[in-house]
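Biologist: I would like a close look at one part of this protein. Please take me through the salt bridges, and set them against the rest of the fold.

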Amino acid sequence: LLPSAAWAQTTILEQDFTQSQGDFQVNDVSLPADLTAVWTQTSAYGMKATAYSNSTNYASESWLISPEIDLTLYENAKCSFNQALNFFSSIDKAKEEATLWVSTDRSNWTQLSGYTYPSSLSWNYTQTGDIDLSAYNGQKIYLGFKYTSTSTKAGTWEIKSFKVTATEVDYPTVSSLTAMKQLSSGTIALLTLSKTNPGLIAYVNPTSASGTSESQTAFIRDSQTAVSLVNFLSEDAGWHTSPQGALIGTVLGKYELVNNMPQFTSVDGSDAERILCLDNYQSIAPKELSIDQLTTTTYLADYVRLADVTLTKTDGKLYATSGSQQLLVENTFGLTSVNMPVNVTGNRYNINGLLTTTETGENRLSVTDISQSVMLLEMYDEEDNAGSITYFKGETMNVNIVREIPAGAWNTLVLPYS
């Protein structure tokens with residue numbers, strides 16, 4: 001049997017260090033004052049690391065770090081390199097002082113192991129064989145060659161070539177938000193939105209937690225359900241999002257439940273260029289729902305409205321209440337246009353917002369607009385309105401005074417008030 005084309009390894013990054021250093025960067029954590037560099041590039045030996053100079057051993061730590069390696073579209077990733085080790089105190093010591101590490105952020109590093117070292121110290125080059133990187137499928141990573149030495153012994157490490165390969169993934173394709181929500185959390189998929197079933201933009205949170213536009217969240221819905229789109233860059237990727245707009249096109253992302261919240265996060269920024277925003281496509285009205293409905297997962301990420309509800313304050317937090325049910329109400333997006341009420345006793349409110357969750361998975365109404373609701377009372381001239389007046393005593397209300405005016409007579413309307 002011949003292997004399927006889908007299993008064929010694709011070269012993600014390859015560098016012949018005898019030709020150049022490429023986009024690899026050197027980070028000298030500890031560079032002796034008498035040395036100008038630990039890592040140098042040569043046409044004969046590739047990248048060479050040593051802290052031995054002028055018959056002197058120096059203590060040092062220096063890294064050769066790869067450019068970003070994008071594995072978001074790949075799986076079964078592996079790397080290999082061709083190396084020679086000499087002048088360490090022993091081959092076992094060389095395995096401690098010439099090591100390979102992996103990181104997703106260039107700050108936190110994990111050592112890789114299980115690959116082939118030379119059997120002895122010499123200038124003979126040895127291939128490491130495949131080094132498994134499958135734990136980082138779907139991620140963006142960096143690889144770092146870490147060289148250390150002491151004032152007692154400073155060995156020499158030479159790396160001639162380096163290569164990363166992986167298998168391109170055939171991702172599932174879904175054509176609606178409803179279909180996407182049938183996927184298992186953590187699934188990477190292609191979402192295709194069309195003119196007949198677009199993603200209607202209910203709301204756009206214009207800034208990320210860091211206060212920049214680099215992590216915009218657009219809350220979108222189709223005819224049946226809603227999700228939040230994260231990291232689909234609007235300005236940098238050549239498209240923008242706005243309420244009342246609609247998204248069509250195909251994007252690659254990871255569907256996952258983050259604290260129960262349905263979320264589709266871009267894993268390849270370039271795919272955002274394949275989605276189009278149609279401005280002023282359709283006005284989106286919030287779904288008017290009850291507190292009972294909003295305490296379930298059905299409407300998470302959707303644009304919703306609570307009408308004429310009471311608020312209570314518990315431990316400094318506001319909750320919309322109905323019987324034994326309550327829903328946390330917060331200005332999650334930090335909108336300056338939203339003035340959260342302070343004294344809520346005896347008042348009722350209309351609240352628009354996005355149904356989101358807290359870090360603990362508690363449902364929360366993230367407010368986009370809140371106003372005090374004013375009830376309407378109609379009092380008729382020929383009826384006894386004393387009962388209504390007594391019942392609504394203390395409430396802020398709109399009152400309609402209704403009176404039939406007969407023809408051919410003087411009419412007097414007396415409105416006593418306090």
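Modeller: What follows starts with the whole chain, moves to the cores, and then goes through the salt bridges. Keep in mind that this is a predicted model.

First, the overall frame. The protein has four helices and 31 strands. Its radius of gyration is 33 Å, well over the 22 Å that the globule rule gives for 418 residues, so the protein is more spread out than a compact globule. The C-alpha atoms fill a box of roughly 120 × 55 × 35 Å along the principal axes. Of the 418 residues, 45% count as buried. Serine 223 and valine 26 give a sense of scale: they are 197 residues apart in sequence and 53 Å apart in space, C-alpha to C-alpha. Serine 223 sits in the loop between β19 (217-221) and β20 (226-230). This serine counts as exposed, because its relative accessibility is 65%.

Next, the cores. The largest nonpolar core has 40 residues. Trp39, Leu143, Phe145, Trp157 and Phe162 have the most contacts inside it. Elements that give two or more residues to this core include β9 (74-86), β14 (140-149) and β15 (156-168). A second, separate core of 33 residues includes Phe219, Ala226, Ala246 and Val367. Back in the largest core, tryptophan 39 touches Phe145 and Trp157, and its other contacts include Val26, Met47, Trp63 and Ile159.

Now the salt bridges. The structure holds eight of them. Take aspartate 130 and lysine 78, whose side chains meet at 3.9 Å, N to O. Aspartate 130 lies in the loop between β12 (126-127) and β13 (131-132), and lysine 78 lies in strand β9, so the pair ties together parts that are 52 residues apart in sequence. Aspartate 130 counts as exposed, at 55% relative accessibility. Lysine 78 counts as partly exposed, at 25%. Strand β9 also holds asparagine 86. Asparagine 86 counts as buried, because its relative accessibility is 11%. Its contacts include Leu121, Trp123 and Thr156.

A further pair is arginine 364 and glutamate 330, with their closest N and O atoms 3.3 Å apart. Arginine 364 lies in strand β29 (residues 363-373) and glutamate 330 in strand β27 (residues 325-330), so this bridge ties together parts that are 34 residues apart in sequence. Arginine 364 counts as buried, at 14% relative accessibility. Glutamate 330 is partly exposed, with a relative accessible area of 23%.

Then comes aspartate 381 with arginine 403, where the closest N and O atoms are 3.2 Å apart. Aspartate 381 lies in the loop between β30 (375-380) and α4 (386-391), and arginine 403 lies in the segment after β31, so the pair ties together parts that are 22 residues apart in sequence. Both partners are partly exposed: aspartate 381 has a relative accessible area of 45%, and arginine 403 stands at 33%.

Salt bridges also form a network, which links Arg221, Lys287 and Asp302.

Last, the surface. The protein exposes about 21800 Å², and carbon and sulfur atoms supply 46% of that area. Val399, Ile401, Leu413 and Leu415 make a nonpolar surface patch of about 360 Å². Leucine 413 is found in the segment after β31 (397-402). This leucine counts as exposed, because its relative accessibility is 52%.

Methods
Residues are numbered from 1 along each chain as its sequence is written. This is a predicted model: local features need pLDDT of at least 70, side-chain atom pairs count only at pLDDT 80 or more; totals for chains, interfaces and linings use all residues. Side-chain values use heavy atoms; hydrogens and water are left out. A nonpolar core is a set of buried Ala, Val, Leu, Ile, Met, Phe, Trp, Tyr and Cys residues joined through side-chain atoms within 4.5 Å. Buried means under 20% relative accessible area, exposed over 50%, partly exposed in between (1.4 Å probe, protein chains only). Contact means heavy atoms within 4.5 Å. Patches are made of residues with over 30% relative accessible area and no salt bridge: like charges are joined within 9 Å, nonpolar side chains (Val, Leu, Ile, Met, Phe, Trp, Tyr) within 5 Å. Accessible areas come from the Shrake-Rupley method with a 1.4 Å probe; for residues, only the protein chains shown count as cover. A salt bridge is a side-chain nitrogen of Lys or Arg within 4 Å of a carboxyl oxygen of Asp or Glu. The radius of gyration is taken over C-alpha atoms; the globule rule is 2.2 Å times the number of residues to the power 0.38. Lists of a residue's contacts leave out its neighbours within four places in sequence.
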